[in-house]
Amino acid sequence: MRSSRIRRSGVTCQHIYNRAGGTRKDIVFGDKEKEMFFELVHELTKFFTVEVVSLVCMGNHWHAVICSSDELPSREEAARRYEAYYGGSKPTPIWSVDAEYLRHAGRMADFSCFVKDLQQKFTTWFNKTRPVRRRGRLWADRFKNVILEDGPALWQCVEYVEMNPVRAGLCGNPGDYAFSTWGRWKTNGVHPFAENVVKHMGDVLGKPDEIPRIDDVLRELENRVEYATRLELGATGEAAQKAYHETRGKNKLDLTRRTRYWTNGAIIGSAEFVRSVVAEVFGDDRAEKKRLTKTVAASGDVLHSYRHLRNDG
């Protein structure tokens, strides 16, 4: 029996992941399929209030870091999004009717509906465009989601997601992979979700009284990914630190190993954050008694996960 997804109030950032059916060695998606996946994500963000921060589409799976809020869009915003997405192809709801407004606005704010529509639309397109038209499910199981605390957990997860092509041996630098937000930024100079990156990751600059600049936030992320790339390609810790010092001067997360934290951890962040979410969802008793899994990043940042996992996988 499937367990219910953990949902919390307010703004929630999450790592979303899913894999196509078959073995880990099956390469299901080529360049055409990966490009369509990106196009569908952009199209759906016209309707949904979900904000994408990072996205990578691989040969048989995909990763995304998204942020969403349980706050519904206003009637005016809901009407604008509905029209932008459907463009008159469907009857316009009567927005003054509470039931209609709440039904559509509720979907717009629901990250599960966003992922469901994305995967369904992609599957429909995929099945129709095969040389021999196929039928049936494409995804191995329902998608996984892990709640991330703002700060180190969010930043390190984005680094982990963007490093997927390097870990898979597809390229020596994540900027050379065309089907990732990082690769698209490094290729054409425009990050496809730059505003979302600044909105949810700008606090790392340590200037709470200033509005973060897109260039500053992306430069900091670039420095961290450069450091992670050196580690992934086998540089010693000292050499990797030197590479990072040349740009920013901070030693950050070691991403040389795959880890199950980002897909199976359920909730990741400081112990206080994880327990606060558990208390909100399951009650204070479980929050107090729950044993958390701890890991320490190369930076010294201590992260905890709700589910008991090893630090490899």
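Visitor: Which residues of strand 6 are on its covered face, and which on the uncovered one?
Guide: In this predicted model, strand 6 (residues 293–296) has T293 and T295 on the covered face, with K294 and V296 on the uncovered one.

Visitor: Why the alternation?
Guide: Side chains in a regular strand alternate between the two faces of the sheet.

Visitor: And how many bridges join strand 6 to strand 7?
Guide: There are 4 bridges, and the two strands run antiparallel. V296 has V302 in strand 7 as its bridge partner.

Visitor: Switching to rings: how many aromatic pairs are there?
Guide: The count is 20 aromatic pairs. One of them is F29 with F126, which is edge-to-face, at 5.9 Å centre to centre and 85 degrees between the planes.

Visitor: Where do F29 and F126 sit in the chain?
Guide: F29 is in the loop between strand 1 (11–19) and helix 1 (31–44), while F126 is in helix 4 (residues 111–128), 97 residues apart.

Visitor: Buried or exposed, those two?
Guide: Both F29 and F126 are buried. They also belong to a cluster linked by ring pairs, together with F37, W62, F122, W125 and W139.

Visitor: What about F282 and Y306?
Guide: Their planes are at 10 degrees and their centres 6.0 Å apart, so that pair is stacked. F282 counts as partly exposed, at 35% relative accessibility, whereas Y306 counts as buried at 9%.

Visitor: Which residue lies over the face of Y306?
Guide: That is K290, at 4.7 Å from the ring centre. Elsewhere, the charged end of R167 sits over the ring of Y160, 4.0 Å from its centre.

Definitions and conventions. Residues numbered from 1 in each chain as written. Predicted model: local features only at pLDDT ≥ 70, side-chain atom pairs only at ≥ 80, totals over all residues. Heavy atoms only, no water. Buried < 20%, exposed > 50% of the residue type's maximum accessible area, 1.4 Å probe, protein only. Pairing = 2+ DSSP bridges. Phe/Tyr/Trp six-rings, centres within 6.5 Å; stacked < 30°, edge-to-face > 60°. Lys NZ or Arg CZ within 6 Å of the ring centre and 35° of its normal.
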